[in-house]
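Here is a short note on the model you sent, set out as numbered points. Please read it with the structure open.

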Amino acid sequence: LMYVRFGKRVCDLVVGLVALPFVLLIIAVLAPFIHFEDKGPVFYNAPRVGKDGRDFKMYKLRSMRVNAPDLIMEDGSTYNGADDPRMTRVGAFMRKTSLDEMPQFLNVLKGDMSLVGPRPALPEEVARYGSLYSARLLVKPGITGPWQVSGRSDLSQEQSEYLDVSYIENWSIAGDLAILAKTVMVIFTGRGSY
């Protein structure tokens with residue numbers, strides 16, 4: 001098991017280093033558009049919980065307006081989906097193409113994340129975990145994973161949780177490679193991404 005984890009980490013580092021020039025180019029191209037649309041920061045550092053319950057900052061290109069926290073519906077709930085008014089124009093494009101997630105390769109190089117794994121969880125989600133779902137904290141969260149290739153934002157919370165636990169219980173290198181291949185297809189079709 002130890003050598004398998006080591007192999008997964010080596011794969012993360014190799015792919016992360018190969019992708020790094022491409023990631024930096026994407027950031028350089030998109031940064032002016034992100035900033036000048038509403039004069040806000042280029043990056044959004046999202047608080048997430050990783051392996052063994054360790055907190056980390058997940059790097060993303062900012063897709064929401066600076067005043068996004070102030071934009072809520074009349075019933076007090078937040079928007080979600082393709083018609084979310086908190087989204088900037090360039091943000092909508094980045095979400096559809098998953099380009100906003102490119103900086104997460106830096107999280108992979110740092111060791112916070114893996115290329116493939118469960119969804120990176122919010123602290124408030126972790127606080128509600130039951131004994132079964134807390135198993136997802138035994139592995140690093142991934143840039144992509146079973147949720148990414150099975151519907152993404154179209155999935156319910158229960159469906160996402162099931163996919164995460166199933167991934168951990170049935171993990172294999174072949175499974176990771178299959179998810180990576182499917183991720184490429186999902187990005188090109190934009191299915192489930194808002």
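1. In which strand is the place of Thr 144? Thr 144 sits in strand S4, residues 142-144; strands here are DSSP runs of E with at least two residues, helices are runs of H or I with at least four, and both are numbered from the N terminus.

2. This is a predicted model, in which local features need pLDDT of at least 70 and side-chain atom pairs count only at pLDDT 80 or more, while totals for chains, interfaces and linings use all residues. Residues are numbered from 1 along each chain as its sequence is written, and side-chain values use heavy atoms, with hydrogens and water left out.

3. Thr 144 is buried, with a relative accessible area of 3% (buried means under 20%, with a 1.4 Å probe and protein chains only). Its contacts (heavy atoms within 4.5 Å) include Leu 115, Val 116, Ile 179 and Thr 183, not counting residues up to four places away in sequence.

4. The largest nonpolar core (buried Ala, Val, Leu, Ile, Met, Phe, Trp, Tyr and Cys residues joined through side-chain atoms within 4.5 Å) has 27 residues. Those with the most contacts inside it are Leu 30, Ile 34, Leu 61, Met 94 and Phe 105. Helix H1 (2-38), strand S2 (55-61) and helix H2 (89-97) are among the elements that give two or more residues to this core. The largest share, seven residues, comes from H1.

5. Ile 34 touches Pro 41, Val 42, Leu 61, Arg 62, Val 90 and Met 94, again not counting residues up to four places away in sequence.

6. Leu 30, Phe 33, Ile 34 and Glu 37 in H1 meet Arg 89, Val 90 and Met 94 in H2.

Terms used. Buried means under 20% relative accessible area, exposed over 50%, partly exposed in between (1.4 Å probe, protein chains only).
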